[in-house]
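Student: I have a model open and I'd like to talk through how its pieces pack. Can we take it step by step?

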Amino acid sequence: MPVEGRTVAVRVPATSANLGPGFDTLGLALSIYDELIVTTLPEGELEVLVEGQGADDVPRDASHLVVRTIAYAFDAVGRRMPGLRLQARNVIPHGRGLGSSGAAVVSGLLAAKGLLAGDVELGPDALLRMATELEGHPDNVAPALFGGLTIAWVDESGPQHKKLLVHRGVSPLVFVPEHTMSTSVARSLQPLQVPREDAVFNVSRSALLIAALTQSPELMLAATEDKLHQNYRAQAMPETDRLVRTLRAAGFAAVVSGAGPSVLVLADGPGQRLEAAAAAAAATGSSWDAQLLAVDFKGGTVRDITEGST
């Protein structure tokens with residue numbers, strides 16, 4: 001069991017999954033971060049302090065997702081859960097398709113990793129496995145854990161990932177609306193089967209997207225075409241669909257970020273990104289919060305900040 005008073009600091013990036021054609025497979029880490037400070041207390045004690053996004057809505061008890069995740073990790077390695085003081089600073093928007101729940105899960109697992117250091121080692125494979133068990137799929141948690149562009153899949157031995165370095169010209173731009181979208185609702189709008197030609201279309205575009213993101217950003221518009229999920233979800237997100245179509249018609253690689261309703265533009269340089277922001281402002285007014293971001297290459301981090309530690 002961790003020493004009472006051990007304190008760890010955790011930082012986890014936002015993520016955008018799918019990236020158009022890479023449904024439930026591709027994810028990208030973005031430079032928006034949730035931060036967490038966790039301190040062990042006597043067993044049975046719990047303090048949850050939250051500021052920022054969702055501060056008025058998230059629970060302050062053991063049902064808090066980060067607390068539940070820490071408890072899950074301790075149980076998985078056969079250790080008793082200590083008391084906790086959780087101080088969360090949330091910056092990733094909730095319910096907007098930017099991986100807030102995945103970031104919370106990764107934050108909890110990294111906090112557990114830091115608190116258990118010297119007793120139990122939680123390696124990358126164990127972290128990805130537990131994150132996928134809790135989140136349901138690895139497309140958001142993989143880039144949150146490892147940073148960069150990740151390809152995630154599941155085989156007989158569990159969830160796997162491959163991290164790729166993104167071309168330095170790729171310049172992400174996210175448009176975040178005030179309204180939210182439920183991931184479960186978005187998923188419910190998709191059919192169980194799709195036409196064969198649509199499946200082949202997405203296979204080709206997913207392969208092309210890897211090339212565009214890592215080597216040839218000028219191919220991004222064609223590479224982000226999709227026929228598997230965005231059209232089916234459009235009815236629930238008409239404003240999102242309208243913005244995506246407007247930007248794509250103007251030559252910008254716009255896609256629904258995750259389950260939406262945010263819109264991600266993968267520009268091939270800073271100049272094109274500014275043009276996309278201007279085009280969106282002219283078409284929609286000020287109802288979207290345009291955020292010029294970078295690709296996060298580091299992923300989630302945890303460090304021991306216990307007073308007197310080295």
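Tutor: Sure. Keep in mind that this is a predicted model. Let's start with a helix pair: T69, Y72, A73 and A76 of α1 touch M130, E133 and L134 of α3.

Student: By class, how many nonpolar residues are in the contact of α1 with α3?

Tutor: Begin with who takes part: α1 brings T69, Y72, A73 and A76, while α3 brings M130, E133 and L134. Sort them by class and you get one charged residue, one polar residue and, for the nonpolar class, five.

Student: At what angle do the axes of α1 and α3 cross?

Tutor: Helix α1 covers residues 65-76 and helix α3 covers residues 124-135. Their axes come within 11 Å, and the crossing is right-handed. As for the angle, the axes cross at roughly 130°. That value is why α1 counts as oblique to α3.

Student: And α1 with α2, how far apart are the axes there?

Tutor: Helix α2 is residues 100-116, and α1 packs on α2 at an angle of about 45°. That angle makes α1 oblique to α2. The crossing is right-handed. The distance you want, between the axes of α1 and α2, is 8 Å.

Student: How many charged residues does the contact of α1 with α2 have?

Tutor: On the α1 side the contact is made by L65, V66, T69, I70, A73 and F74. On the α2 side you'll find S101, A104, V105, G108, L109, A111, A112, L115 and L116. By class there are twelve nonpolar and three polar residues, and the charged count is none.

Student: Let's switch to the sheet. Which strands are at the edges?

Tutor: The sheet is open, has four strands and is paired antiparallel, in the order β8-β9-β7-β10. An edge strand pairs on one side only. That description fits residues 254-256 and residues 288-292, in other words β8 and β10.

Student: What is the average twist from one strand to the next?

Tutor: Stay with the open sheet in the order β8-β9-β7-β10. Going from one strand to the next, the twist averages 25°.

Student: Which residue stands opposite S171?

Tutor: Look at β7, residues 171-177, and β9, residues 263-267. They pair in the antiparallel sense over five bridges. Opposite S171, in β9, stands A267.

Student: Which helix lies across β7, β8, β9 and β10?

Tutor: Look for residues 238-249, which run at about 160° to β8. The helix lying across those four strands is α9.

Student: Does α9 have a helix partner too, and what hand does the crossing with α10 have?

Tutor: Helix α10, residues 270-284, packs with α9 at an angle of about 130°, with their axes 10 Å apart. The two are therefore oblique to each other. L243, T246 and L247 of α9 meet A276, A279, A280, A283 and T284 of α10. As for the hand of the crossing, α9 passes α10 in one that is right-handed.

Student: Now a single side chain. Which residue's side chain makes a polar contact with the side chain of R205?

Tutor: R205 is in helix α6, residues 196-214. Leaving aside neighbours within four places in sequence, R205 is in contact with P21, A222, A223 and E225. The R205 side chain also reaches the backbone oxygen of A222, at 3.4 Å. The side-chain to side-chain polar contact, at 2.8 Å, is with E225.

Student: Any backbone geometry I should look at? Which peptide bond is cis?

Tutor: Go to the loop between β8 and β9, where P261 lies. The omega there is near 5°, and the cis bond runs from G260 to P261.

Student: Which residue in the loop between β1 and β2 has phi near 55°?

Tutor: That loop sits between β1 (7-18) and β2 (22-41). The phi in question is positive, and it belongs to a residue other than glycine. The residue is L19.

Methods:
Residues numbered from 1 in each chain as written. Predicted model: local features only at pLDDT ≥ 70, side-chain atom pairs only at ≥ 80, totals over all residues. Heavy atoms only, no water. Pairing = 2+ DSSP bridges. Axes fitted to C-alpha atoms, helices over the stretch in contact; angles between N-to-C directions. Contact = heavy atoms within 4.5 Å. Parallel < 35°, antiparallel > 145°, perpendicular 65-115°, else oblique. Left-handed = near helix turned anticlockwise from the far one by under 90°. Nonpolar A, V, L, I, M, F, W, Y, C, P; charged D, E, K, R; others polar. Polar contact = N/O pair within 3.5 Å; in protein donor to acceptor, adjacent residues only side chain to side chain.
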